[in-house]
Amino acid sequence: MRPEEKIRQQEMKIMQLVEESCIAQTAGDSRMALTKAKEASYKERSLIRMQEQNGLGEHHNIDLTYAVSLNLKIVLFNLANQYAVNELYTEALNTYQTITKNRMFANAYRLKLNMGNIYLKQGHYQMAVKMYRMALDQVPSTQKNLRYYLKLVVPAALMIGTFQDKNNAQHCHGSAGRSGQNENGIFASTVAIQDDHLHKYEALKRKDAEYCILTAAKLIAPFVEDSLKEELLSLYVGYDWCVSAIKSSEYAQLAADLEINKAIMFLKQNQLAEAISTLKTFEKDTDIALNAATNLSFIYYLQGDYDTALRYSETVEQCKMPTADGFVNYGACLIATGQLDRAIHCGNINEPNYLAGLCLKRQGHYIEALSCFQRFSGSLALLPAVVCQVASLLELVGDSEAAADTYQQLLGLTPTDAKALQKLGELFDQEGDKQQAHHYHVDSFRYYPGNLSVIEWLGSYYIEMQVVEKALIYFEKAALMQPGEPKWNMMVAGCHRRSGNMHKALTLYQEIHR
């Protein structure tokens with residue numbers, strides 16, 4: 001047999017042993033895997049001698065000894081891995097070192113990473129950090145994931161090492177200078193771990209899980225005890241069961257959120273006493289107290305109990321992380337109790353700015369109020385409530401033209417706003433443009449027929465235009481809406497008199513006189 005064929009067969013046997021070693025490791029037989037790896041290494045050295053004896057040393061398959069292709073299990077690389085699995089760390093490090101010394105090996109940085117892991121297991125943290133940094137310096141810029149991993153591993157190794165150093169320092173009464181290094185290492189590691197992709201993924205999955213749990217609980221709570229005839233009692237039992245089940249799970253922190261949902265469910269069913277009772281249980285719970293207090297202040301505000309509403313809304317000032325809803329309720333309660341100066345300064349976010357503008361408007365400081373509303377920018381500046389206040393203030397400062405333009409902008413946002421249509425009609429009426437004023441008042445009446453101010457203007461307009469029949473229609477509607485108001489019956493009687501129906505007019509005057 002020719003020497004080349006013997007060498008080729010020897011290479012095939014070596015590769016077969018490497019494959020058997022990998023298979024044994026996969027099966028959990030680490031000792032057998034190491035035995036096969038050693039046998040492959042012995043045969044590989046025999047192969048080199050055979051090539052040298054036959055003058056074929058220069059044709060030795062370098063890839064067979066040093067390649068790191070993920071599809072090719074090579075002798076020394078596999079042997080080093082098996083040493084590491086069997087906790088023969090010194091032999092593993094020597095083998096990895098042998099591979100990395102060969103300059104034809106292009107991916108030495110990956111083995112530096114393996115060596116760093118071994119040093120870390122041995123407790124040689126400085127050597128581990130050194131290997132990780134050498135690997136990081138050699139990793140090409142195209143390997144972004146590996147570089148990111150190494151940037152996380154280095155501070156983590158520093159943290160473990162500094163903890164060890166700290167313990168040693170406590171036993172040996174070391175110098176205080178080391179503690180600063182410890183803090184820097186811990187800080188660097190904490191920042192790196194918080195920015196980890198896995199940490200972010202875990203937070204996202206936990207958020208999704210919490211959403212699913214709360215949604216499922218809200219769906220099934222009203223139907224847990226469907227045999228009960230009273231729906232309110234069924235809600236009590238259902239939510240209590242869900243809260244109990246969540247408290248006994250790893251998502252116990254969601255129980256408070258579910259209690260808040262129970263209170264909101266009572267509100268939707270107009271069960272105010274039950275909602276208040278549920279929310280009051282959170283007064284001593286600092287984590288959820290602000291949410292509960294905000295809802296309580298809103299309930300008492302709707303009931304007209306402004307003092308109690310103010311007492312609960314003041315919780316927002318004591319909270320470390322206040323919410324916009326809390327400041328809005330607080331400001332509304334201050335306005336309701338007449339404390340306008342405090343309401344102006346109750347917050348510095350967008351919603352309280354709106355309240356500050358309302359307070360300034362009530363105090364007659366129209367220019368300051370207008371400036372406050374005009375601070376809104378972007379999509380907030382296009383909120384109908386903000387545009388309406390700007391238009392109203394422009395009207396109050398006497399800039400009718402700008403006010404009309406702003407009301408037109410408001411109609412572009414809410415075309416069916418009867419109040420904006422009425423305001424435009426009044427502005428045109430002040431300018432003497434009766435035709436435009438009539439147009440907008442008619443549109444306002446079409447969208448809201450119950451506005452007596454619009455009805456009165458339209459009736460007066462038709463009387464002025466001597467169209468008494470149409471005026472009579474509007475005044476009769478007003479009389480039906482306020483039958484006890486003599487003003488409208490007088491208007492109706494006047495229309496009959498103008499149209500020549502004296503008998504009807506006389507009858508109405510007599511009824512009013514009685």
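A residue is taken as buried when its relative accessible area is under 20%, as exposed when that area is over 50%, and as partly exposed in between. The structure considered here is a predicted model, and this classification is applied below first to the residues of its salt bridges and then to helix 14.

A search of the whole structure finds four salt bridges, three of which are described here. Side chains of opposite charge can pair when their charged atoms come close. One such pair lies in helix 24 (residues 434-447), where R446 and D443 are three residues apart and therefore separated by about one helical turn. An α-helix has 3.6 residues a turn, so residues three or four places apart point the same way. The side chains of R446 and D443 meet in a salt bridge with an N to O distance of 2.9 Å. With a relative accessible area of 12%, D443 falls under the 20% limit and is therefore buried.

A second salt bridge joins E456 to K487, with the closest N and O atoms 2.9 Å apart. This pair links distant parts of the chain, since E456 belongs to helix 25 (residues 452-464) and K487 to helix 27 (residues 486-498), 31 residues apart. Both partners fall in the intermediate class of accessibility: E456 counts as partly exposed at 26% relative accessibility, and K487 is partly exposed with a relative accessible area of 33%.

A further salt bridge is formed by D429 and K434, whose closest N and O atoms are 2.7 Å apart. At 23% relative accessibility, D429 counts as partly exposed; K434, at 29%, is likewise partly exposed.

Helix 14 was examined with respect to its geometry and its surroundings. The helix comprises 14 residues (289-302), which at 1.5 Å a residue should span 20 Å; the C-alpha atoms at its ends are 20 Å apart, in agreement with this expectation. Helix 14 is mostly covered, 10 of its 14 residues being buried. The buried positions are A289, L290, A292, A293, T294, N295, L296, S297, I299 and Y300. The buried residues of helix 14 pack against five elements listed here by residue range: helix 12 (254-268), helix 13 (272-280), helix 15 (306-313), helix 16 (315-318) and helix 17 (324-336). Just after helix 14, G304 adopts a positive phi of about 85°.

Terms used. Residues numbered from 1 in each chain as written. Predicted model: local features only at pLDDT ≥ 70, side-chain atom pairs only at ≥ 80, totals over all residues. Heavy atoms only, no water. Helix = DSSP H or I, 4+ residues; strand = E, 2+ residues; numbered from the N terminus. Expected span 1.5 Å × (residues − 1). Buried < 20%, exposed > 50% of the residue type's maximum accessible area, 1.4 Å probe, protein only. Contact = heavy atoms within 4.5 Å.
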